[in-house]
Amino acid sequence: MLTEERYKLILERLQSHGVVKLQELVEAIGASESTIRRDLVDLESRHLLKRVHGGASLLNQRSQEPGMDEKTLKNIQEKDIIARLAAREIRDNECIYLDAGTTTLAMISYIEADNVTVVTNGLSHVEALVHQKIRSYLLGGMMKIHTKAVIGSIALQNMENFRFDKCFLGTNGVDPEMGYTTPDPEEALIKRRAHQLSAQTYVLADSSKLGEVTFAKLLDLNEAILITDSVSPHLRKDIAHKTKIIEGSS
């Protein structure tokens, strides 16, 4: 079994149980105890788990997400650069999906394409879209007070009524091995389904998210085009090897 496959199995087991014992991993993965120990050391060095006596546990902060108001005040200039780049990807007469999030929200004022239809799960987004006189649909479902995002089974059922030319998703982590991640598994389901219903997917992430990993997997890097303000040299090769990058200097 490849190292990357072992890492995936270890993290999936951690997400399911919160804490795993070393011997459980040895038996489940079929690798030696020394190999699993090395894997845990490496994953801890990447801040993906915490080693404890006889096993490993999740890092609690990976499942915690800042609220909409808090996120709005962070990396404002970087998000504005990304929003402009993303809006340029929209063409006349397209049907698009805008994920809830502050960077996708910033896109709306830069949309210049004509006769665009937008579906979103963001309460703040639909208000901005109406203000811009852009035809829009808000998904029904449970509203997360913290992020003003509509999630849950009703929202997923709603999405089945639509097909998109493009979707634009936010993320909390971009990692060459672990892909795109977000703290909330419920939001991850909505994002993943939007991707499946779209001809082309873009993920928007400012440079502070690159190299980070959070709790719930969205997509592999090669499943979406990354739009960002900049990519550090030590990450560029690994990310560019797996996906196209649109960045601030583009």
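**Exercise 1. Strand E12 and its partners**

Task: In this predicted model, decide how far E12 is covered, then state how E12 pairs with E9 and with E14.

Solution.
Step 1. Five of the seven residues of E12 are buried, which leaves the strand mostly covered.
Step 2. Turn to E9. E9 and E12 run parallel and share six bridges. One bridge pair is Phe 164 with Ser 198 of E12.
Step 3. Turn to E14, residues 225-228. Three bridges link E12 to E14, again in the parallel sense. Here Tyr 202 has Ile 225 of E14 as its bridge partner.

**Exercise 2. The whole sheet**

Task: Give the strand order of the open sheet and find which strands stand at the edges.

Solution.
Step 1. Read off the order: E6-E5-E4-E9-E12-E14-E15. That is seven strands, with parallel pairing.
Step 2. Find the edges. Strand E6 (135-138) and strand E15 (245-247) each have a single partner strand, so one side of each has no neighbour in the sheet.
Step 3. Add the twist. From one strand to the next it averages 20°.
Step 4. Check one inner pair. E4 and E5 run parallel and are joined by four bridges. Leu 98 stands opposite Thr 120 of E5.

**Exercise 3. Helices on the sheet**

Task: Which strands does helix H7 touch, and which does H9 lie across?

Solution.
Step 1. Take H7, residues 123-131. This helix packs on the sheet and touches E4, E5 and E6. The directions of H7 and E6 make an angle of about 160°.
Step 2. Take H9. This helix lies across E4, E9 and strand E12 (198-204). H9 runs at about 155° to E9.

**Exercise 4. The nonpolar cores**

Task: Identify the residues that touch the most other members of the largest nonpolar core, and the elements that supply two or more residues to the core.

Solution.
Step 1. Start with a general point. Nonpolar side chains tend to be buried together in soluble globular proteins.
Step 2. The largest nonpolar core holds 30 residues. Tyr 97, Met 159, Val 174, Tyr 180 and Ile 239 touch the most other members.
Step 3. Two or more residues come from each of these elements: helix H8 (153-159), strand E9 (164-170), helix H9 (185-196), strand E13 (216-219) and helix H10 (233-240).
Step 4. Look at Val 174 alone. Beyond its neighbours within four places in sequence, Val 174 contacts several residues, including Tyr 180, Leu 210, Leu 221, Leu 226 and Ile 239.
Step 5. A second, separate core has 22 residues, among them Ala 87, Val 118, Phe 168 and Ile 227.

**Exercise 5. A loop residue**

Task: Ile 108 is in the loop between H6 and E5. Is Ile 108 buried or exposed?

Solution.
Step 1. The relative accessibility of Ile 108 is 1%.
Step 2. The cut-off for buried is under 20%. Ile 108 therefore counts as buried.
Step 3. List the contacts, leaving out residues up to four places away in sequence. They are Leu 98, His 125, Ala 128, Leu 129, Gln 132 and Ile 134.

**Exercise 6. Cysteines**

Task: How many disulfides does the structure hold, and how far is the sulfur of Cys 95 from that of Cys 167?

Solution.
Step 1. The count is zero.
Step 2. For Cys 95, the nearest cysteine sulfur belongs to Cys 167, 13 Å away. A disulfide needs two sulfurs within 2.5 Å, so Cys 95 is in no disulfide. Cys 167 is in none either.
Step 3. Compare accessibility. Cys 95 is partly exposed at 31%. Cys 167 is buried at 0%.

**Exercise 7. Positive phi**

Task: Where in the chain are Asn 93 and Asn 115, and what phi does each have?

Solution.
Step 1. Asn 93 is in the loop between helix H5 (76-88) and strand E4 (95-98). Its phi is positive, about 70°, although Asn 93 is not a glycine. At 51% relative accessibility, Asn 93 is exposed.
Step 2. Asn 115 is in the loop between helix H6 (102-107) and strand E5 (117-120). Its phi is positive too, near 55°. Asn 115 is partly exposed, at 46%.

**Exercise 8. An annotated span**

Task: Which residues does UniProt list for "domain: HTH deoR-type", and what is the helix content of the span?

Solution.
Step 1. The unreviewed UniProt entry lists residues 3-58.
Step 2. In the model, residues 3-58 are 64% helix and 16% strand.
Step 3. The end C-alpha atoms of the span lie 19 Å apart.

Methods:
Residues numbered from 1 in each chain as written. Predicted model: local features only at pLDDT ≥ 70, side-chain atom pairs only at ≥ 80, totals over all residues. Heavy atoms only, no water. UniProt positions renumbered as here; feature names shortened; annotations may be inferred. Buried < 20%, exposed > 50% of the residue type's maximum accessible area, 1.4 Å probe, protein only. Contact = heavy atoms within 4.5 Å. Core = buried A, V, L, I, M, F, W, Y, C linked by side-chain atoms within 4.5 Å. Pairing = 2+ DSSP bridges. Axes fitted to C-alpha atoms, helices over the stretch in contact; angles between N-to-C directions.
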